[in-house]
Amino acid sequence: VAMQESFPRQYSIDHLRVRVYPDRTACGQAAAAFAGEHIRSVLGERDDCAVAFAAAPSQAEFLDALAAQIGIDWDRVISYQIDEYIGIDDDDPRRLYNWMQRHLYSKARPGVIHVMDPLADDPQAETLRYAALLKHRPLDICCQGIGQSGHLAYNDPHVANFQDMRAVKVVEIDQTSREQQVTDGTVDRVEDAIGQAYTLTLPTLLRAPVQSVVCPGKVKAPSVHRTLTKPLGVKWPAT
C-alpha cells in the first residue's frame, strides 16, 4: 500500500525556498498567503506598496486567492505589469491588462494601476515612460511565473540579459513562447501568436526584495525542474 504523501513538500535550493502542493488551488492559496503577508507588512511601514503581477493562466488561482485575502488595503497598492503585448487593441481580450482586469483588478481594485500601452506610437518611448514610473516607485514585491522557455516575464533566452542596463524593453517573442500562447489559450494557432511584447528586464524583476514564483501543473513541471537544476545562465533565464 502506497504511503500517503504529505504536503507541502519543502526544499531549499541555494537560497531559494521551494514548496510543492498537491493541486493548483492549494498552491495558489499558499502563494497568496505569502504575498499577502508581505503586502500587509510593507503597508504597515509606509504609505503604499508596489507590486508587479504576471498575467497568465498559471497565476489564476493565486490571484483569486490574493483578491480574497483579508486585511490588504488595496487603495494603497500600486500595481505594475511585468509584460504586455504590442500591437493589439485596448479592448482585445488577449491584452494582458484585460486578463488582469478579469482576474484581479475587478475584485481587489488597486489604488494605482500602471498600464503599458500596446498601441503607443513609439514603443521605445513607452519603455522609457514605464521605466521612469519604476524608478520613481520601485517594486516591493514581484509576483511571477516561469515560462516554458524558462522566461521570466518575456525575457526569453535570446533576449535575456542578467546585466541589462534597461528597466523595460521591447522584445521579439521566441517560438517556444509563441507556442505557449496556444497552450495558454491566448490564440488557437501558433501562426496567430503575438510576436512582440514589452517586458520588464531581469534586473528590474529581481531587484524586488520579495519574490513569489508560482508555477503549477504538469505542463510547467519541466520548467521548475530545469530552473532548479540547470547552471546559471541565460539559456534558461529563470535560473
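Which residues of strand S10 form its covered face, and which its uncovered one? In this predicted model, Val210 and Ser212 make up the covered face of S10 (residues 210–213), while Gln211 and Val213 make up the uncovered face. In a regular strand, side chains alternate between the two faces of the sheet.

## Strand S10 and its partner

Strand S10 pairs with strand S7 (residues 141–144). The two strands run parallel and are joined by four bridges. Within this pairing, cysteine 143 stands opposite serine 212.

Serine 212, a residue of S10, counts as buried because its relative accessibility is 4%, under the 20% limit. Beyond residues up to four places away in sequence, serine 212 touches Ala31, Phe34, Cys142, Cys143 and Gln144. Cys143 is thus named both as the residue opposite serine 212 and as one of its contacts.

## Nonpolar cores

The largest nonpolar core holds 39 residues. Ile39, Phe53, Phe62, Leu66 and Leu104 are the members that touch the most other members. At least two residues of this core come from each of helix H1 (24–45), strand S3 (49–53), H2, H3 and S7.

Phenylalanine 62 has contacts with Gly28, Ala31, Ala32, Ala35, Cys143 and Val214, with residues up to four places away in sequence left out of the count. Among them, Ala31 and Cys143 are also listed as contacts of serine 212. A second core, separate from this one, consists of 28 residues, including Met116, Val170, Ala208 and Ala238.

## Salt bridges

Twelve salt bridges are present in the structure. One of them joins the side chains of aspartate 64 and lysine 107, with an N to O distance of 2.7 Å. Aspartate 64 belongs to helix H2 (residues 60–67) and lysine 107 to helix H3 (residues 96–108), so this pair ties together parts that are 43 residues apart in sequence. Both partners are partly exposed: aspartate 64 has a relative accessible area of 35%, and lysine 107 has a relative accessibility of 45%.

Another salt bridge links arginine 76 to aspartate 73, their closest N and O atoms being 3.1 Å apart. Arginine 76, at 29% relative accessibility, is partly exposed, and aspartate 73, at 32%, is likewise partly exposed. Arginine 94 and aspartate 92 form a further salt bridge, in which the closest N and O atoms are 2.8 Å apart. Here arginine 94 is partly exposed, at 28%, whereas aspartate 92 is buried, at 13%. In addition, Arg46, Asp48, Arg137 and Asp140 are joined into one network by salt bridges that share partners.

## The largest pocket

The largest pocket encloses about 1,600 Å³ of space. Its lining comprises 45 residues, of which Leu16, Arg17, Val18, Arg19 and Val213 are the closest to the pocket centre. Val213 also belongs to the uncovered face of S10.

Two or more lining residues come from each of strand S1 (9–13), strand S2 (16–20), H1, helix H6 (202–206), S10 and helix H7 (221–229). Helix H7 supplies the largest share of the lining, with six residues. Helix H1 contributes to this lining and also to the largest nonpolar core.

Methods:
Residues numbered from 1 in each chain as written. Predicted model: local features only at pLDDT ≥ 70, side-chain atom pairs only at ≥ 80, totals over all residues. Heavy atoms only, no water. Buried < 20%, exposed > 50% of the residue type's maximum accessible area, 1.4 Å probe, protein only. Pairing = 2+ DSSP bridges. Salt bridge = Lys/Arg side-chain N within 4 Å of Asp/Glu carboxyl O. Core = buried A, V, L, I, M, F, W, Y, C linked by side-chain atoms within 4.5 Å. Contact = heavy atoms within 4.5 Å. 1 Å grid on protein atoms, 1.4 Å probe; cavity = no way out; pocket = protein on both sides within 12 Å on 5 of 7 lines; lining within 4 Å. Points joined across faces, edges and corners; volume = space filled by probe spheres on them.
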